[in-house]
Amino acid sequence: MATKNHTYGGTDTEKARQESAEEYERCPVEEVALVVPETDDPTLPVLTFRAWFLGLTSCTVLIFLNTFFTYRTQPLIISAILMQIGVLPIGKFLARTLPTTQYNIFGQGFTLNPGPFNIKEHVIITIFANCGVSYGGGDAYSIGAITVMKAYYKQGLSFICGIFIVLTTQILGYGWAGMLRRYLVDPAEMWWPSNLAQVSLFRALHEKDSNKKGMTRMRFFLVAMTASFIYYAFPGYLFPILTFFSWVCWVWPHNITAQQVGSGYHGLGIGAFTFDWAGISAYHGSPLVTPWHSILNVGVGFIMFIYIIVPICYWKFNTFDARKFPIFSNQLFTSAGHKYDTTKILTPNYELDIPAYKSYSKLYLSPLFALSIGSGFARFTSTLTHVALFHGRDIWKQSRSAMKTMKLDVHAKLMRNYKQVPEWWFSILLAGSIVLSLLMSFVWKKDVQLPWWGMLFAFGLAWIVTLPIGVIQATTNQQPGYDIIAQFIIGYVLPGRPIANLLFKIYGRISTIHALSFLSDLKLGHYMKIPPRCMYVAQLVGTIVAGIVNLSVAWWMLDNIDNICDVESLHPDSPWTCPKYRVTFDASVIWGLIGPKRLFGPGGLYRNLVWLFLIGAFLPVPVWMLSKIFPEKKWIPLINIPVISYGFAGMPPATPTNIASWLITGLIFNYFVFKFHKRWWQKYNYVLSAALDAGTAFMGVLLFFALQNNDVTLKWWGTKLDHCPLATCPTAPGIKVDGCPVFT
């Protein structure tokens, strides 16, 4: 429904809102009804020259920065909020300066400047930018697989094969999204809670600031970004010890136990902290945008795991021969406590040499790494149980309503004013990506190891699970993972093939993650009344551009940075240690090369960890029962076992110091500032998060190209990351490791 002279973002009249609400049924989800506008102006231009220019630029910049930083010791994920805020003044500047001349191209009128920079252009630019986040952020598993193949297994992978892997993964996910949008986007019950924050930010940026006190959001952003830019020169180059400030090791420089406890990089990080925003936000994202109750749950899990479970298992019970190895490490070990050399058990075809494995050594993990894998078992089943108990009835009712009655609200009815995207547009993409993936399994059979039937198995798995997981995420904002199940399955079906394990996870699990990311963006476009065909074009073009740039940057870094990811050969102060991809490599060894049967099956050293599947499934039950017995206690349902388990998710590569600093920062801003300075928090909190990301990212890139890439390095006490050399030492009697004392 259009209103005269209506400009999206605050100038619509109350009368227009009432008329719209009367004519159309309001969204039954209260949060959506309060936040999302119920009016639309179909005359606003969307895919303008400004939108194309700023959208593709945003996508390219984000994917470059995210790819660049993901190889560093302290990886940094730059969110789309950076571009969401940053493009606003540029868009307004272009609206003032670009010529308004009308051109005629193929019979269609065209102008570089159709008028004021509007909110729909802003949304479509953010959709482009989101493609740069999904590729270069935490879900960029295809680049992780390629990095493992090139940097760790030393495969002679071709760039064309890499392009096939990257693009088919994303486009497959886009195909799933298109097929499922009728169930996960159109129905009012599928409301995708995470989008409401972006809707609120769009409206805040385009509405006039009624509070004249203090700086505007844009000025605050520029000041904070400049401060962050200048400050990052210290932890990023001049004074890197700020990244891991482990003072306990200075007090006890010759005590192994003290260094195991206090090391921020190789130990439990008790007393250690980081003054580096890249370190704070590296693994759990920005703590400034995480709700306080989630931070509290993560904190409970972190304290329980790091300060209670791990010390007891290591010092009290020596679980899994733990004292033969460092207490915290992302490395793999032999029975003698030495680093595992996978080249000794690999055939020329990158498969397991069973006789060599038996004569060399069984595979061992550091105690914290092993327990972290076990926590993943518990997290998977606890997520399913928690969602079933606390949200099962609502999900069932909502999904039945969504798939049978298809009740539409005002937003869906307003979207009917626009041409819809035909189903076959998505079907072509889906079929094309499947065909190219199958072709890859024939043409590069030795490189990918996954046969055609394995590809089809992965596609079938993704198709089965994407809809139910999508229903859960769209209604509860939780995404149950099934990574471990997928790796278990293919590890048993194709043991001894690490690359096949990586590729199966990409097509069977990561394509689902990409599909849900696309569906979330489609719902954002739905709320902001972006024409569906504009969304289709923006997502498809953004996906292709982001994929090509992502692979090109990664390929250049892998070919031009000497010994990248090879910690043994790198300079001790080198930032290119690739902790995220080291874990990807370890996963390929654990689940693919060695296989789950040898490690977690009967007779396997870690077989008892499998019980955590059952324990995780049971843990949410008493919380649910207490919430029913004491319904007046509103805090009981906030006890979230899956979120508590995220207190130790991602370790390694995340360190306890990363998580502890994340928790403290979140406590400051989302409890104290939110509680005692709510107006400041409401106006500046999200802006500060984006500014810290932006300043850190830009200085990091500048330092690399201006100094680090030219071997201009500093050498002094403050440039060493962690002054805790004994933290990596084993404490079991008779274990000999260079630089460590031998216990008797």
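This tour proceeds from the whole chain to its nonpolar cores, then to single residues and one helix pair.

**The whole chain**

The model is predicted. Display the full protein first: its secondary structure consists of 30 helices and four strands. The radius of gyration is 26 Å, close to the 27 Å that the globule rule gives for 744 residues, so the protein is as compact as a globular protein of that length. Aligned on the principal axes, the C-alpha atoms fill a box of roughly 85 × 60 × 55 Å. Colouring by accessibility will show that 59% of the 744 residues count as buried. In a contact map limited to separations of 6 or more, residues 24 or more positions apart account for 81% of the contacts.

**The nonpolar cores**

In soluble globular proteins, nonpolar side chains tend to be buried together. Which residues should be selected to find the centre of contacts in the largest nonpolar core? Of its 199 residues, Y71, M440, L503, I590, F600 and M651 touch the most other members. Helix α22, residues 498–527, gives this core its largest share, 16 residues. A second, separate core has six residues, among them A233, Y237, A278 and L703.

Next, select L503. Beyond four places in sequence, L503 touches M149, I165, M440, V448 and L450. M440 also appears among the core residues that touch the most other members.

**F600 and its surroundings**

Move to F600, which lies in helix α25, residues 596–600. With a relative accessible area of 5%, F600 is buried, since the cut-off for burial is under 20%. Setting aside residues up to four places away in sequence, F600 touches I373, F377, F488, I590, W591, Y606, R607, L609 and V610. Draw the C-alpha distance to one of these, F488: the two residues are 112 apart in sequence and 9.7 Å apart in space.

**V589 in helix α24**

Select V589 next, in helix α24. V589 counts as buried, at 0% relative accessibility. Its contacts, not counting residues up to four places away in sequence, are with Y153, L332, T342, L363, I594 and G595. For a long reference distance, connect V589 to P532: 57 residues separate them in sequence, and their C-alpha atoms are 43 Å apart.

**Q449 in a loop**

Is Q449 buried or exposed? At 7% relative accessibility, Q449 counts as buried; its place is the loop between α19 (445–448) and α20 (452–476). Leaving aside neighbours within four places in sequence, Q449 is in contact with N349, Y350, E351, R497, P498, I499 and A500. Q449 and I499 are 50 residues apart in sequence, with a C-alpha separation of 6.1 Å.

**Two residues with positive phi**

Most residues other than glycine have a negative phi, and most peptide bonds are trans. Two loop residues are worth inspecting on this point.

- K154: phi is near 55°, a positive value in a residue other than glycine. K154 is placed in the loop between α6 (141–152) and α7 (159–184), and at 57% relative accessibility it counts as exposed.
- C565: phi is near 75°, again a positive value in a residue other than glycine. C565 sits in the loop between α23 (532–560) and α24 (579–594), and is buried, with a relative accessible area of 4%.

**The α29 and α30 pair**

Finally, show helix α29 (residues 656–676) together with helix α30 (residues 678–706). The two pack at an angle of about 140°, with their axes 6 Å apart. α29 and α30 are therefore oblique to each other. To see the contact, select F669, N670, V673, F674 and F676 in α29, which meet K678, W680, W681, N685 and L688 in α30. By type, the residues of this contact divide into seven nonpolar, two polar and one charged.

Stay on α30 for the last stop, D693, which lies in that helix. What is the relative accessibility of D693? At 3%, D693 counts as buried. A line from D693 to Q539 spans 24 Å from C-alpha to C-alpha, with the two positions 154 residues apart in sequence numbering.

Technical notes: Residues numbered from 1 in each chain as written. Predicted model: local features only at pLDDT ≥ 70, side-chain atom pairs only at ≥ 80, totals over all residues. Heavy atoms only, no water. Axes fitted to C-alpha atoms, helices over the stretch in contact; angles between N-to-C directions. Parallel < 35°, antiparallel > 145°, perpendicular 65-115°, else oblique. Contact = heavy atoms within 4.5 Å. Nonpolar A, V, L, I, M, F, W, Y, C, P; charged D, E, K, R; others polar. Core = buried A, V, L, I, M, F, W, Y, C linked by side-chain atoms within 4.5 Å. Buried < 20%, exposed > 50% of the residue type's maximum accessible area, 1.4 Å probe, protein only. Rg over C-alpha atoms; globule rule 2.2 N^0.38 Å.
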